[in-house]
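Colleague: Please take one part of this model and go through it closely, with the cut-offs behind each term. Then place that part in its surroundings.

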Amino acid sequence: MVCFCLSSEKLSDDELKGKYGSALGPYANNSQTFAISLCQAPCKEPIMCCTSALCFCPMQVYMRRRVLNHVNPGSGWSDYQCCQGMYGGCCCLQPGSMGESTCPVPCMCLEALCCAGPAVSASSNVIRGEYSLGLDEDDIRLIRCNNCLFFFSACFSCVAMMTDCEGDDVAAGIVNCISDVVFLCTSGCMTAQMHHEMKNRENTAPSHELMRR
């Protein structure tokens with residue numbers, strides 16, 4: 001299990017199934033990657049990395065708008081949808097029909113608060129789709145590590161609810177805390193990675209290309 005969680009092997013077909021796995025499917029076999037890996041992000045963009053980890057929700061609102069306007073300059077919030085429509089919806093809650101056009105900022109705030117993982121992943125995937133970027137070894141390793149921690153956290157929480165042992169509650173709390181810290185660190189690295197990519201693209205692209213895009 002530990003080896004799997006830290007494996008950098010390409011994502012398997014089973015891992016690319018479902019709402020969340022399928023969102024990474026279009027980029028799994030792309031050869032190009034972000035200019036910096038997730039593990040390089042804290043050293044290359046330390047301020048952005050720390051700020052995003054410590055102020056997750058405000059930074060994701062800021063980053064989504066910046067990503068959308070990087071891809072479509074001057075568009076404001078006009079291209080915004082909940083998670084950019086990448087993860088589908090549930091019953092009557094469908095991306096594009098939840099008031100995004102009239103109240104994009106409040107909707108994005110709710111997205112960052114209630115759907116933290118998909119929120120940061122959606123912004124990253126917009127950049128991946130724009131430049132046909134794939135997943136590097138650090139991406140895959142950290143994604144798997146986060147998923148394993150969430151799985152263990154859910155298991156420990158279920159065990160703690162079904163038993164009266166105080167030790168189970170303590171263990172569940174520790175695992176939940178570790179899972180949350182790792183998620184915030186990973187999301188900070190993802191945000192810094194996006195910021196660095198957009199900054200590099202904007203600095204190196206000819207001005208007429210930026211106007212066209």
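Modeller: Arg 66 sits in helix α5, where helices (H or I, at least four residues) and strands (E, at least two) are DSSP runs numbered from the N terminus. The model is predicted, so local features need pLDDT of at least 70 and side-chain atom pairs count only at pLDDT 80 or more, while totals for chains, interfaces and linings use all residues. Residues are numbered from 1 along each chain as its sequence is written, and side-chain values use heavy atoms, with hydrogens and water left out.

Arg 66 counts as buried because its relative accessible area is 17%; buried means under 20%, exposed over 50% and partly exposed in between, with a 1.4 Å probe and protein chains only. Apart from neighbours within four places in sequence, its contacts (heavy atoms within 4.5 Å) are His 195, Met 198, Lys 199 and Glu 202. His 195 is 129 residues from Arg 66 in sequence, yet their C-alpha atoms are 8.9 Å apart. Across the chain, 75% of the contacts with a separation of 6 or more join residues 24 or more positions apart.

Helix α5 itself has 16 residues and reaches 22 Å from first to last C-alpha, close to the 22 Å expected at 1.5 Å a residue; the expected span is 1.5 Å times one less than the number of residues. Its buried residues include Met 59, Gln 60, Arg 66 and His 70. Two of these, Met 59 and Gln 60, are touched by Ser 52, which also touches Ser 187, Gly 188 and Thr 191, not counting residues up to four places away. Ser 52 belongs to helix α4 (residues 46–54) and is buried, as its relative accessibility is 0%.

Helix α5 (56–71) also helps to cover the buried residues of α6, as does α7 (116–131). In α6 (residues 104–114), Pro 104, Cys 107, Met 108, Glu 111 and Ala 112 are buried. They lie on the same side of α6, because they cover an arc of only 135° around the axis, taken from the directions from the helix axis to the C-beta atoms. Leu 110, Leu 113 and Cys 114 are exposed on the face turned away from that side.

Helix α6 also contributes to the second largest pocket, which holds about 380 Å³ of space. Cys 82, Cys 83, Gly 88, Met 98 and Cys 115 are the closest to its centre among the 20 lining residues. A pocket here is an open set of points on a 1 Å grid over the protein atoms alone, where a 1.4 Å probe fits, with protein on both sides within 12 Å along at least five of seven lines; lining residues have an atom within 4 Å of a point. Points are joined across faces, edges and corners, and the volume is the space filled by probe spheres set on them. The largest share of the lining, four residues, comes from α6, and α2 (18–24) supplies at least two. The lining has 15 nonpolar, three polar and two charged residues, with Ala, Val, Leu, Ile, Met, Phe, Trp, Tyr, Cys and Pro as nonpolar, Asp, Glu, Lys and Arg as charged, and the others, Gly among them, as polar.

For the wider setting, the chain has ten helices and zero strands, and 41% of its 213 residues count as buried.
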